[in-house]
Amino acid sequence: MASSSRVSSLWRYSLLALVVVALSACGVKRSPSHSYPQGKGRGGDVVISQESQSYTPLAYNAKPEMRAVWLTTIYALDWPKTRGASPAVFRKQKEEFLQILTELKNANFNTIFLQVRMRGDLLYPSAIEPQSSVLTGSSSIAPSYDPLAFAIEECHKRGIALHAWIVTFPLGSRSHVASLGKKGVATKHPEWTIYHQGEYYLNPGLPEVRQYLCHLVEDLVSRYDVDGVHFDYIRYPEKAGSFKDNQTYKRYALPGQTKAEWREKNINTLLQDISKAVVSIRPYTLISTAPIGRYREIPGRRYTGWTAKESVHQDPQTWFREGSVDFVVPMMYYRDELFDPYLRDWKEQMKGGTVIPGLGAYRTQDNSQWSPSVIEQQMQLAQREGLNGICFYRQENISHKKKELYDLIYHRFDFPVRPLPFNQRMLSIPSIPFFQSCEIIGDELILRWEPSDKKGNNYTYNLFFNLYDKKGHPSDDYLLAPSIYANEYRLPLHIFPKHGKVHFRVEAMNRVNQVGRASPPLVIDLKGKRFL
């Protein structure tokens, strides 16, 4: 790691270490009308209280962000690197995934787009489509574990949201389609497909295709607690002018509707149908898309020939207006004059909508040979323009093995932040949580709080801490752990402050990251003794 990032890392670790206090099992005040015995520490006393007769807002002003990465499974580009059908291989696959999560968590990422549908095949087991061969080497051999269930559980343990990334219309080459056998959708329903430029595609103009895709997503969301569903290739293909859907157009287009309008409407309708289905199953599951990186041809600028609106019939303005998507992640894998004005144009065109620019980190390692400073400048521009986060394509290109780029990102994401809220979702705001207990088990301090709601609203929590200065005044609140998918948090007992006060506060979030009010402080007062 570069020296600046190393200093940042050491500072952050030291700050975290200061909140770790050795104390034995102890009670806390749940409210001013209840009291519990003080705890005894090993080597000295501690005083525990849950203070405040009136509500005090958090002293925390950092802007929420989405810090995301695409984790690509097709061709095992990012994961899994080991393929086979033995128990040892499955253990290795899990270890590889956990290593990826460790790196992302250390760099304060909070969102993963995990590719779960590649080309008509799935990462997870399903009765609808075959499971991908990427895990075992054969679509007819299933792994002994459910990769998606495993990924969701491990992401949530680390406060990382997992969005299921679906490649929508492409089905792959003739050989790939044949490899999926009778369970593949192109074999079961060849009348739904169009062969174009060496690959099969589902025909977006057919109502049966849209119903099929909607059913696929319903099955996914009903079985897995994904934080979002993310649609890639939800568009017409390259060289769409020669895409052979004329008969479908003649059959289904409205009178006077141009082919471009009809194609846009097909994609708009699919997203509407999927959004309604998803919200009816899990009201908090977000919907997003990865459109082409340039929204449109900008008047007065040179013609680019490759845009979401004109080239592939994507209409993100309508998606937002109709409430079909919560955010878009345009694939902005360009630089300089092909990046800066188009980033601003996305912001202008999507007023009221959330745009997370997707940056081409892979360009620093392919034939483009970008300097990592290009990505750094793009991150800075997105921040100056007030956009709500960043996404990188793809995970391996930002791993610690790509040292210079990893260090730049690590420096940019130096501190954890709250995840980005989606306020257009009308979900209930959590009530104030209250600390319930704190205790030591082994080498860990365990903080527990009562759930903000006992009706199964599936809230997450942000844990803050605050250090008092020598005069007894608190500093600003520091976000210690965002997006805790439980009502407890464990801290390692490595380093202890010798004296003074530390307080913790916790706030609840609903699953679209809307925040309720924070708890009263849980104050730990050390009486000048170092616990051993």
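**Strand pairing around E5, and a separate look at E7, E9 and E8**

Strand E4, which spans residues 66–71, runs parallel to strand E5 and is joined to it by four bridges. The model described here is a predicted one. In general, the strands of a sheet pair through backbone hydrogen bonds, in either a parallel or an antiparallel manner, and the points below include both kinds of pairing.

**E5 and its link to E4**
- Strand E5 covers residues 111–117 and is mostly covered, since seven of its seven residues are buried.
- Within the pairing of E4 and E5, Leu-71 has Leu-114 of E5 as its bridge partner.
- To get from E4 to E5, the chain passes through helix H2 (residues 87–106), and this β-α-β crossover is right-handed.

**E5 and its link to E6**
- Strand E5 is also joined to strand E6 (residues 161–167), to which it runs parallel, and here the number of bridges is six.
- One pair of facing residues in this stretch is Thr-111 and Ala-161, the latter lying in E6.
- The chain travels from E5 to E6 by way of helix H3 (residues 147–157), in a β-α-β crossover that is right-handed.

**The sheet of E7, E9 and E8**
- Three strands, in the order E7-E9-E8, make up an open sheet whose pairing is antiparallel.
- Strand E7 (170–172) and strand E8 (193–196) are the edge strands, each of them pairing on one side only.
- From one strand to the next, the twist averages 30°.
- Two bridges connect E7 with strand E9 (residues 199–202) in the antiparallel sense, and Gly-172 stands opposite Tyr-200 in E9.

Notes
Residues are numbered from 1 along each chain as its sequence is written. This is a predicted model: local features need pLDDT of at least 70, side-chain atom pairs count only at pLDDT 80 or more; totals for chains, interfaces and linings use all residues. Side-chain values use heavy atoms; hydrogens and water are left out. Buried means under 20% relative accessible area, exposed over 50%, partly exposed in between (1.4 Å probe, protein chains only). Two strands pair if DSSP finds at least two bridges between them. A crossover is right-handed if, with the strands pointing away from the viewer, the path from the first strand over the helix to the second runs clockwise. Axes are lines fitted to C-alpha atoms, for helices over the stretch in contact, and angles run from 0 to 180 degrees between N-to-C directions.
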